[in-house]
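Hi there,

Here is the structure I promised to pass on to you. Have a look at it first, and then read on for what turned up in it.

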Amino acid sequence: MSIRNTTIGPEPLARREAVRADPVQRHRRMVEIRAAEERIREFHSSGQAWGTTHCADGQEAVAVGIAAAARPTDQVWIAHRVHGHGLALGCTLESVFAENLGRSTGSVGGIGGSFHLTETAVGLVHSFTIIGAQIAQAVGAAYAMQVQGKDDVCIAQFGDGAVNIGVFHEALNLAKIWNVPAVFVLENNQYAEFTRVDKMTPIEPLAKRGDAYDMPWAVVDGQDVEAVRLAMVDAIELARSGGGPTLLEMETYRYLGHSRSDLAAYRPEGEFDEWQSRDPITQSRNALLEAGLVTESELDAIDAEVASSIEAAAVAALAGPEPETSAMFNNVLAT
Ligand SMILES: Cc1ncc(C[n+]2csc(CCOP(=O)(O)OP(=O)(O)O)c2C)c(N)n1
Ligand SMILES: [Mg+2]
């Protein structure tokens with residue numbers, strides 16, 4: 001895959017260090033992710049981007065909490081709902097927008113589209129559309145780290161739908177028996193496509209499945225960026241120090257439908273409002289104010305700065321060239 005740098009804003013590593021170092025920057029990144037996904041939907045609805053897109057409005061604290069806890073040398077393996085994770089880990093706005101727009105300045109050269117982001121400088125290996133596939137691949141990568149004597153960790157993110165895929169069970173079993181340095185992040189946004197979690201899986205919490213593999217597990221408030229960060233710090237530290245894998249379930253909520261064609265009409269009345277009353281960005285805003293780390297006007301300035309960086313990145317991304325047709329054969333292995 002061709003990995004691109006961008007001209008808008010600081011480069012991926014600097015963006016990553018910002019969220020690792022500073023709670024205000026974590027808030028800012030969540031604001032950026034929410035606004036970026038809104039802009040991506042506009043690219044699609046205006047016909048500037050093709051295909052569909054999966055957004056994660058409401059799930060920003062999970063993405064930013066993971067990015068704040070992991071080192072850039074740790075590897076992160078993500079499922080299809082990737083924009084927020086990519087931006088949190090350090091992908092630039094321009095590379096994410098350009099990938100959605102199919103431009104050669106995109107994260108993978110414009111041949112992947114909305115579902116596919118990579119930024120190896122900050123440990124984002126790739127994002128995967130075959131549900132559960134990346135869990136096994138992350139275990140393989142974690143095993144390689146162990147064999148090579150590295151002290152890096154592999155993080156595999158997946159949804160509540162993935163826990164009923166066979167590969168989830170095989171991967172967790174292997175991870176535990178080999179004691180590999182892995183953290184499994186089950187991002188429970190309550191739905192897999194159009195099906196609610198309690199219609200698919202008979203146990204609650206889902207993370208209890210860790211018991212089957214004698215793996216430590218916990219349920220984490222996925223609406224609270226600092227709760228996500230702290231839980232990840234502990235699990236990563238355990239893995240890094242040879243203590244083996246952990247399964248963490250992040251409780252969160254998908255504000256929109258599965259993809260842009262889904263209006264989510266199947267949701268029970270009041271469910272969205274209930275989750276929105278614990279919106280991760282509003283909660284982080286209140287927590288920063290309460291801790292005296294920012295003022296109202298500083299928070300408003302962040303919102304305004306983010307809005308203008310979104311527009312600048314959109315202009316730059318739209319100016320990017322389309323890839324050559326031959327680019328579809330790059331990185332393809334034929335035997
Ligand atoms: C093996 C496989 N089966 C089915 C699909 C179709 N599919 C795409 S997304 C999805 C739902 C995934 O739900 P979840 O794991 O909860 O992730 P979320 O979409 O909520 O982020 C399904 C079934 C697929 N991509 N791969
Ligand atoms: Mg889900």
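Let's begin with a rule for burial: a residue is buried if 20 or more other C-beta atoms lie within 10 Å of its own, exposed if 12 or fewer, and partly exposed in between. Try it on T52: with 14 other C-beta atoms within 10 Å, T52 is partly exposed. Please keep in mind that this is a predicted model.

T52 lies in the loop between helix 2 and helix 3. Which residues does T52 touch, leaving aside its neighbours within four places in sequence? They are S259, R260 and S261. Another residue to find is F115, which is 63 residues from T52 in sequence, while their C-alpha atoms are 8.9 Å apart in space.

Now for the whole protein. You can count eleven helices and eight strands in it. Its C-alpha atoms fill a box of roughly 55 × 50 × 40 Å along the principal axes. For 335 residues, a compact globule would have a radius of gyration near 20 Å, and the protein agrees with that because its own value is 19 Å. Buried residues account for 49% of the 335. Of the contacts between residues at least 6 apart in sequence, 78% join residues at least 24 apart.

Next, the inside. The largest nonpolar core has 81 residues, and those touching the most other members are I66, A182, V183 and L248. Helix 3 (residues 60-69) gives this core its largest share, eight residues. How many of the ten residues of helix 3 are buried? The count is ten of ten, so helix 3 is mostly covered. I66 is one of these buried residues. As for V183, its contacts beyond four places in sequence are V153, I155, M232, A235, I236, A239, P245, T246 and L248.

Helix 11 (residues 296-318) is a good place to practise with a ruler. At 1.5 Å a residue, its 23 residues should span 33 Å, and the end C-alpha atoms are indeed 33 Å apart. Its buried residues are V306, I310, A313, A314, A316 and A317, and they pack against helix 2 (23-45) and helix 5 (93-100).

Then there is ligand 1. It is surrounded by 17 residues, the closest being R81, I131, G159, G161 and A192. Sorted by type, the shell around ligand 1 holds seven nonpolar, six polar and four charged residues. Strand 3 (154-159) and strand 5 (191-192) each supply at least two residues of that shell.

Last, some backbone details. Most residues other than glycine have a negative phi, and most peptide bonds are trans. Where should you look for exceptions?

- Q190 has a positive phi, near 80°. Q190 sits in the loop between strand 4 (182-188) and strand 5, and it counts as partly exposed because it has 17 C-beta neighbours inside 10 Å.
- N331 also has a positive phi, about 60°, although it is not a glycine. N331 belongs to the segment after helix 11, and with 11 other C-beta atoms within 10 Å it is exposed.
- The peptide bond from E204 to P205 is cis, with omega near -5°. P205 is in the loop between strand 6 (195-196) and strand 7 (217-221).

Enjoy exploring, and write back with any questions!

Best wishes

Note on methods: Residues numbered from 1 in each chain as written. Chains lettered and ligands numbered in written order. Predicted model: local features only at pLDDT ≥ 70, side-chain atom pairs only at ≥ 80, totals over all residues. Near = placed C-beta within 6 Å. Helix = DSSP H or I, 4+ residues; strand = E, 2+ residues; numbered from the N terminus. Nonpolar A, V, L, I, M, F, W, Y, C, P; charged D, E, K, R; others polar. Core = buried A, V, L, I, M, F, W, Y, C linked by C-beta atoms within 7 Å. Contact = placed C-beta atoms within 7 Å. Expected span 1.5 Å × (residues − 1). Rg over C-alpha atoms; globule rule 2.2 N^0.38 Å.
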